[in-house]
Structures are given as structure tokens and as C-alpha cells.
Amino acid sequence: MHSLPEIWNAQTQQKNYRSLLNAMSRPGTCFPVWGCNSQSSVIAVLAALLDNAVTLADPDYLISDENIKLLQVRTALLHEADFVVALGETSPATHITPKLGTLTSPQDSATVILTVQNLSAGECELIVNGPGVNGEKKAMISGLDALWLQLRQEWNRDFPLGCDFILVSQQQVLALPRTSMAEFA
Amino acid sequence: MTEPFGYLDEHAKKEIRRACLKAVAIPGYQVPYASREMPMGRGFGTGGLQLTLSLIGAGDTLKVIDQGADDSVNAVSLRNFIELTCPGISTTTRTTDADIIQSRHRIPELALREDQYLILQVPYPDPLVIVEPSEEKRRISHGEGDYSRLLVKLYEDIVQFKEITISHRYPTRINNHYVIDPSPIPRWDLPKMHHSKALILLGAGREKKIYAVPPYTSAEPLAFSDVPFRIENFCDALGKRQACENCGSTQSFLDEYFDTHSGRKIYRCSDADWCLEQLQRRDALRHG
């Protein structure tokens with residue numbers, strides 16, 4: 001019988017959720033993605049969070065049709081999706097804004113998941129502060145276009161409206177919730 | 001058919017997990033979620049229980065407390081249920097040994113660490129409910145960070161009683177925006193929320209809301225510059241701090257009892273693990 005890779009296992013998804021919760025609680029700190037030996041880590045992150053109750057936009061075609069079926073997720077346009085997955089190294093389209101929520105329902109906003117090359121030994125220093133950070137946190141990142149951070153700042157200007165970012169490298173994850181201030185040194 | 005790990009099905013867990021991530025990303029905001037039916041009545045900690053079940057994994061160590069005690073009916077029932085449905089986890093009564101602490105009405109006296117999670121069971125999540133019956137209007141006030149009516153309520157207390165009379169569920173502003181009901185913890189515990197090292201998750205099962213206080217985030221009780229917030233003081237008429245009858249601690253939140261034989265008022269630590277640790281420390285000093 002054909003068995004699915006480890007990331008579709010409930011136990012692995014629980015561990016990956018813990019990493020995501022830790023990452024969202026402690027912005028700028030890297031946490032491991034589990035079970036991604038044969039699958040890309042971004043699929044592992046999506047598998048921990050997505051199901052048929054939410055929608056996904058994939059403008060860079062990072063997720064195969066087979067994985068979309070396994071995730072049981074519905075696809076949507078970028079400005080309507082609950083989750084957006086995109087390449088961090090390419091410049092984002094500046095004319096499309098992901099869902100930012102409303103004043104009374106700020107949770108009805110997109111989570112933007114970006115794939116990057118490296119989160120702990122890259123060439124660019126990302127400085128993060130805000131809730132969850134004791135003072136200031138620095139992360140060495142490669143493969144993230146600076147325009148993402150500029151747009152993020154614009155999208156998160158009117159708290160509580162905004163969107164939350166999750167950066168995923170080959171084996172690690174780092175989050176930037178809307179309350180975090182993040183900029184390259 | 002066997003029950004899934006953690007009783008809840010994976011779809012339910014994912015929905016709670018998504019709500020938790022949004023709750024952490026928007027500190028203090030009450031994220032609505034589809035609270036599931038649990039095999040116990042709503043109001044018995046089903047909100048906290050669902051948070052724990054979606055978070056816990058094999059290898060974790062769990063502590064469950066009710067008003068500081070590990071051996072009350074509510075704590076024992078919840079702990080037994082989680083042990084039964086989560087094979088591979090361990091349980092403890094020691095705060096220091098726990099990865100996840102689910103609590104009702106107290107935050108442990110021992111300062112929590114970065115690698116620990118505190119889950120609080122919440123009966124009423126919205127502090128504005130005492131001044132505004134419409135949820136729609138409350139959501140607008142929360143979004144705008146407008147708590148003027150709540151401040152008027154506190155001011156009325158001062159006019160009438162010369163102090164703010166809220167003893168527990170004291171409204172607390174998180175990250176300078178949302179005001180939360182921090183669950184029925186005493187005032188004594190509120191300073192522990194401020195810049196806590198551990199992530200604090202709050203779950204209201206009956207009201208179907210999840211909210212969070214991320215680590216290193218401000219949690220400031222509402223107060224006035226000329227009437228500052230103050231915690232309970234356990235001093236007698238002469239100003240001497242009462243001590244725990246068991247361990248002698250003068251550093252903990254105390255429960256008040258009446259000695260049935262002498263009729264004397266006595267005090268004991270509310271946090272059972274803290275009390276035991278102080279006793280063991282005292283014994284160790286005595287014997288060696």
C-alpha cells in the first residue's frame with residue numbers, strides 16, 4: 001500500500017503547529033520544520049494549518065495539484081485568500097493587497113507564507129522588535145526581496161488591520177505577526 | 001474505532017490552531033472559533049481543554065490546577081480526561097516540570113519559563129459586557145481601542161467606594177490596545193502577565209473565544225494616575241504581612257480559613273505546589 005510522507009501524519013502536524021505557534025509568539029526567532037525530508041518545508045507548514053475550511057492563493061505555482069488535493073484546500077485569488085504562499089526572492093505585485101481584515105474582524109486577514117533560501121545563516125540582517133521580542137531580535141536571512149518588507153509595513157499601518165507573515169526556509173520557520181517591526185539593517 | 005489522539009478530530013484541531021495563531025498575532029483580541037462539544041458541561045473548562053488538546057503532543061508534561069490546587073475535582077477530572085485521550089504524555093503537580101500548565105483562577109507563583117505554555121480557562125472573555133450588551137458594538141469599541149465606558153465604570157467605583165472594587169477579572173490592556181478579561185485570576189496574578197516569559201493562551205469554550213498574551217508583551221491593568229492599580233495586601237491591622245500557616249511563606253497569594261477549634265482566622269498558600277516547595281526547602285535547611 002502507498003504510504004504518505006511524514007508531514008501528513010497528525011503527530012508531525014502537531015509538532016509543526018508547535019513550531020509555528022512558537023514562531024508567531026517569538027517573532028524573529030527560527031524554529032524547526034519537522035518531517036520535511038522528502039517534501040518541501042512549505043508543504044509541511046501548509047499541512048499543519050490548512051483544510052477545506054480555508055482558501056489558498058498560490059501566484060507562483062509552488063504547490064502541485066496533487067498536494068492541493070491532499071491539503072483539501074480551496075484555491076482563491078490573492079486578494080481573497082486566507083493563506084497566500086509565494087516566493088520570497090521575487091518582487092511581489094504591488095497592485096494587489098491581500099486580505100487585511102476589518103476593524104471588527106481583524107482575524108479575517110491573510111497569512112502570507114514566503115519561501116526563502118536561509119533563515120539563520122543568510123547575508124541580510126533582519127532586525128525585529130515588538131510584542132514577543134525581549135528587546136530586539138536579529139535574524140540572518142537570504143532570499144527575501146526587500147519590497148516584501150516595505151509592502152508589509154504599508155499593509156500593517158492601521159492596526160488591528162494587517163496580515164501576518166511566515167517565512168519558511170528548507171528546514172526552519174520564522175514569523176512576523178502584524179505587531180512586529182521588521183527591517184533590514 | 002479508536003478515538004483520535006487528543007479526542008478532537010484533526011479538522012477541529014486545525015481550526016483551533018489557526019485561531020490561536022491569529023490570537024497571538026493580534027494580542028488581546030478575542031478570536032471567534034467553533035467551540036466543540038466536549039464530554040463535560042460548558043463552564044467546566046472546555047475552552048482551556050480544547051486549547052490544551054490542540055497543543056499537546058506525545059512526550060509533553062502537563063500540569064492542571066484549579067484555584068492553585070492540583071487535587072480539586074475540576075483539575076483532577078480534566079487531567080484524567082487528557083491522560084486518557086493523549087497517550088504518551090506525562091502529568092505532574094510540579095510547576096517547574098510542566099511544559100503545559102492549564103489553570104483555572106490562578107497563575108502559578110513560580111515565575112514561568114520561555115519554554116512553558118500557560119492556558120487559562122475563561123468563563124467570560126469580554127470585559128465590556130458589563131457596560132455594553134450588544135456584541136456588535138463591543139467589537140467596534142475593541143477595534144477602536146475605546147474603553148471610555150469601562151473607565152467610567154471604574155471611576156464610579158472610586159466615587160462610591162473610594163477604590164476600584166474589582167477583585168478578580170480585572171480589565172487589563174494588552175500591548176496598549178485591546179483590553180481583556182484576564183479570567184477570574186486575583187489582582188495578585190496580573191503583574192505576572194506583564195512581559196511574561198511564557199506564552200499565555202486564554203480559552204472561553206461557552207463563549208467560543210480564544211485570545212492570547214504573547215511573551216514579552218505589556219499587560220497593564222486599567223487604572224487612573226491618581227488611583228493606581230494595587231494588588232491584594234495580606235497585612236493585619238498592625239501592618240504585618242500574614243504568613244502561610246503551613247509553610248510560613250509571606251511571598252504568596254493566601255486563602256483565608258477559619259480554624260473550627262479556635263475560631264481564629266488562618267491563612268494558607270493558594271498555590272499548593274509553591275507551598276510544598278517552601279515546606280521542603282524549610283525542611284532541607286532544618287536538616288542539613
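Modeller: A helix here is a DSSP run of H or I with at least four residues, a strand is a run of E with at least two, and both are numbered from the N terminus. The model is predicted. With those names, B:Arg169 can be placed in the loop between H5 and strand S6 (172-174) of chain B.

Colleague: How should phi be read, and what is the phi of B:Arg169?

Modeller: Most residues other than glycine have a negative phi, and most peptide bonds are trans. B:Arg169 is not a glycine, yet its phi is positive, about 55°. This residue is partly exposed, at 25% relative accessible area.

Colleague: B:Tyr216 also has a positive phi. Where is B:Tyr216 found, and is it buried or exposed?

Modeller: B:Tyr216 lies in the loop between strand S9 (209-213) and strand S10 (219-221) of chain B. Its phi is about 50°, and it is not a glycine either. With a relative accessible area of 10%, B:Tyr216 is buried.

Colleague: Which residues does the cis peptide bond join?

Modeller: That bond links A:Phe159 to A:Pro160, with omega about 10°. A:Pro160 sits in the loop between helix H4 (146-155) and strand S8 (164-168) of chain A.

Colleague: Now helix packing. What is the angle between H1 and H2 of chain B?

Modeller: Two packed helices are described by the angle between their axes and the distance between the axes. Helix H1 (residues 10-25) and helix H2 (residues 46-55) of chain B meet at about 100°, and their axes are 9 Å apart. Angles of 65 to 115 degrees count as roughly perpendicular, so H1(B) and H2(B) are roughly perpendicular to each other.

Colleague: Which residues make the contact?

Modeller: H1(B) contributes B:Lys13, B:Ile16, B:Arg17 and B:Cys20, while H2(B) contributes B:Gln50, B:Leu51, B:Leu53 and B:Ser54. By class, this contact has 4 nonpolar, 2 polar and 2 charged residues. On spacing, an α-helix has 3.6 residues a turn, so residues three or four places apart point the same way.

Colleague: How many residues of H2(B) are buried?

Modeller: The count is 10 of 10, so the helix is mostly covered, taking buried as under 20% relative accessible area. Among them are B:Gly47, B:Gly48 and B:Leu55.

Colleague: What does B:Leu150 touch?

Modeller: B:Leu150 is in helix H5 (residues 148-161) of chain B and is buried, with a relative accessible area of 1%. Leaving out residues up to four places away in sequence, B:Leu150 touches B:Pro127, B:Leu128, B:Ile130, B:Val131, B:Pro171, B:Val179 and B:Leu222.

Colleague: How is the interface sized, and what area do chain B and chain A bury between them?

Modeller: The size of an interface is often given as the accessible area lost when the parts come together. For chain B and chain A this is about 3200 Å², 58% of it on carbon and sulfur atoms. B:Arg18, B:Leu21 and B:Lys22 supply 21% of the area that chain B buries against chain A, more than any other three residues. In contacts, 38 residues of chain B meet 40 residues of chain A.

Colleague: How many disulfides are there, and why is B:Cys247 not bonded to B:Cys269?

Modeller: The structure has 0 disulfides over all chains. For A:Cys36, the nearest cysteine sulfur is that of A:Cys30, 13 Å away. A disulfide needs sulfur atoms within 2.5 Å; the sulfur of B:Cys247 is 3.6 Å from that of B:Cys269, its closest, and therefore too far for a bond. Both A:Cys36, at 9% relative accessible area, and B:Cys247, at 6%, are buried.

Terms used. Residues are numbered from 1 along each chain as its sequence is written. Chains are lettered from A and ligands numbered from 1 in the order in which they are written. This is a predicted model: local features need pLDDT of at least 70, side-chain atom pairs count only at pLDDT 80 or more; totals for chains, interfaces and linings use all residues. Side-chain values use heavy atoms; hydrogens and water are left out. Buried means under 20% relative accessible area, exposed over 50%, partly exposed in between (1.4 Å probe, protein chains only). Axes are lines fitted to C-alpha atoms, for helices over the stretch in contact, and angles run from 0 to 180 degrees between N-to-C directions. Angles under 35 degrees count as roughly parallel, over 145 as roughly antiparallel, 65 to 115 as roughly perpendicular and the rest as oblique. Contact means heavy atoms within 4.5 Å. Ala, Val, Leu, Ile, Met, Phe, Trp, Tyr, Cys and Pro count as nonpolar, Asp, Glu, Lys and Arg as charged, and the others, Gly among them, as polar. Buried area is the accessible area (1.4 Å probe) that two parts lose on being put together, summed over both.
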